[in-house]
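Hi,

Here is the structure I said I would pass on. Have a look at it first, and my notes follow underneath.

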Amino acid sequence: MTAISTHEYCIVGAGPGGLQLAYYLQKKGFDYVVLEASAAPGAFFSRFPRHRRLISINKTHTGIDDPDTNLRWDWNSLLCDDPELRFTRLTPEYFPSADVMVSYLQQFAEKFQLNVRYGRRVETIERDGDGFVVSSASETIRAAKLIVATGRIPRPLPDIPGIEHAETYADMPTDPQQFAGQRVLILGKGNSAMETAENLMETAAVIHLLSPSPVRLAWRTHYVGDVRAVNNNVLDTYQLKSQNTILDATLERIDRLNCGAFRAQFLYTHAEGERRAVTVDRILACIGFMWDPTVFAQMDQPPRASPCGRFPALTSAFESVNVKGLYFAGALQHVLDYRKSFSGFIHGFRYNAALLADILDRRAGGAVPAPQWVPNSWDGVLDAAIERVNTASSLFQQPGFLADIFAPGPNGDCLHYRDLTVDLFEDEGFAPGKPYLAVTMEYGDVGAHADPFNIHRFPTDGRRSAFIHPVMRLRRDGEIVAEHHIPEDLENQWRLPEQLDQAREFLGGLDAWRT
């Protein structure tokens, strides 16, 4: 007989997103349960990346003592009150093995005795009045609120004639000797494709990488999901004509030849309509990841997908736009800042988990997020803002997404809200009709520079800064009233007198704050 239990919150998935949220719900004393299909947490990392090297950095020596600031260069740790439970203590490798992540997540779940039930693969999710019924083969959970933290799965193969001949990233062999002397076509030019090419460069005879769009390099875009330098050696071999090629083209069909090889026909993206074909021995589809909506198939009203189809469509509170009470955690929150910030990665969504826990608390009747009081003077505001941009990991790791907000209080004082989003602040009505100051850290327009290593700098003009820097915006009724960019700094420290004087002058001119 299937066991039935009732909880206020049910989290589906015990990856880093689910565990991080569980930590915060447990810390608040909430009634929750986590359902995990596998026998241990972090099942995604037991399989991906296929070649086992993470691209999330793990800097153990920073020369800085502040634990929060150090999280700016520790992209793998989950947030917690135990300074000993840091990923950096498990390995000194800058780009560590995914196996270490699996071990770390196990330690995290055990250390805090999180209420995770393993071996519970969710088969159906149904509505139960305003709540949910979540069923696995051995247990049914009734929950008032449901949070899905299942991460993303490899994208299905595109509908192209002959695509069934392609091997997928999830199932292809990773032993490079199995490709010795072969001609290989890799579909995709993201990190999964590049890591695969990196693995095959010593053994494959020829490697072609093909997708319609050009390669996007993280060192140019400042987006960590784009191709990282640790995976891009194949680009060097292409530019030096060492048999490997990078093709901006659309694959049109694949035909199997009598000899057992494959003929792949493609249309170039920017070559005046030219078509070509290559003969290869293997075709590997490394085309990225998306969310898996199949678990909602039995719901009368399943959650709506985002326009691109890769994520669920969410409100600013991480809630489904059309299913009330259904929230998403972890990488699925990235729909709110896709290609703009870092919610698709641990070093981004770990802060979102803290915010989501506060949102759930507030909607249950709590008074969070609770602001701090600062003196209602420009010096008081500036001191608090500068301290945060110099030390906080959250603003640094979620550039342009998370903000510190300074708003007028009820008694003529100033309230300082940490780590909110502007959209949430306005949607939830924290300060309706009142002006407020939002402080973020943001990258500049790198697209304006042909060579990211040859950029003319403007030390007194923050609006033209290409690298991360603080931004102050006075906002009211959804509109930006005034804006100031503090120029980028070589060591990301903004304490120079000229920097502070410029910011103080900007703040002093904000008469709207007083009205």
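I'd start with helix α3, where the cover over its buried residues includes α1 (16-27) and α7 (346-363). One thing to keep in mind while you browse: this is a predicted model.

α3 itself runs over residues 98-111, and its 14 residues reach 20 Å from the first C-alpha to the last, close to the 20 Å expected at 1.5 Å a residue. Its buried residues are Ala98, Val100, Met101, Tyr104, Leu105, Phe108 and Ala109.

Just ahead of that helix, have a look at Leu90, in the loop between α2 (67-70) and α3. Buried or exposed, or in between? Leu90 counts as partly exposed, because its relative accessibility is 34%, and the cut-offs are under 20% for buried and over 50% for exposed. Leaving out residues up to four places away in sequence, Leu90 touches Val100, Tyr104 and Gln107. The C-alpha atoms of Leu90 and Met101 are separated by 9.2 Å, with the two residues eleven apart along the chain.

On the other side of α3, Gln113 sits in the loop that leads to β3 (116-117). Gln113 is not a glycine, yet its phi is positive, about 50°. Gln113 counts as exposed, since its relative accessibility is 67%, with the line drawn at over 50%.

Asp477 is another one to check: its phi is near 50°, again a positive value in a residue other than glycine. You'll find Asp477 in the loop between β21 (469-476) and β22. With 58% relative accessibility, Asp477 counts as exposed. I flag these because most residues other than glycine have a negative phi, and most peptide bonds are trans. On the peptide side, a cis bond joins Phe48 and Pro49, with omega about -10°. Pro49 is placed in the loop between β2 (32-35) and α2.

Next, helix α8. Does its length come out as expected or not? The 14 residues of α8 (residues 378-391) should span 20 Å at 1.5 Å a residue, and the end C-alpha atoms are 20 Å apart, so the two agree. α8 is mostly covered, with eleven of its 14 residues buried. The buried set is Trp378, Gly380, Val381, Leu382, Ala384, Ala385, Ile386, Arg388, Val389, Asn390 and Thr391.

Asn390 turns up again in the surroundings of Asn492, which is in contact with Arg72, Asn390, Phe396 and Ile468 once neighbours within four places in sequence are set aside. Asn492 belongs to the loop between β22 (479-485) and α11 (497-508). Its relative accessible area is 18%, so Asn492 is buried, the limit being under 20%.

Finally, the chain as a whole. There are eleven helices and 22 strands. A compact globule of 515 residues would have a radius of gyration near 24 Å, and the chain has 25 Å, so the two agree. Along the principal axes, the C-alpha atoms fill a box of roughly 80 × 70 × 45 Å. Buried residues make up 53% of the 515. Of the contacts with a separation of 6 or more, 63% are between residues 24 or more positions apart. The exposed area is about 22,900 Å², and carbon and sulfur atoms supply 49% of that. As for charge, the chain has 51 positive and 64 negative side chains, and the centres of the two sets lie 3 Å apart.

Cheers

Methods: Residues are numbered from 1 along each chain as its sequence is written. Side-chain values use heavy atoms; hydrogens and water are left out. Helices (H or I, at least four residues) and strands (E, at least two) are DSSP runs, numbered from the N terminus. The expected span of a helix is 1.5 Å times one less than its number of residues. Buried means under 20% relative accessible area, exposed over 50%, partly exposed in between (1.4 Å probe, protein chains only). The radius of gyration is taken over C-alpha atoms; the globule rule is 2.2 Å times the number of residues to the power 0.38. Contact means heavy atoms within 4.5 Å. Accessible areas come from the Shrake-Rupley method with a 1.4 Å probe; for residues, only the protein chains shown count as cover. Lys and Arg count as positive and Asp and Glu as negative; His and the chain ends are not counted. The place of a charge is taken as NZ of Lys, CZ of Arg, CG of Asp or CD of Glu.
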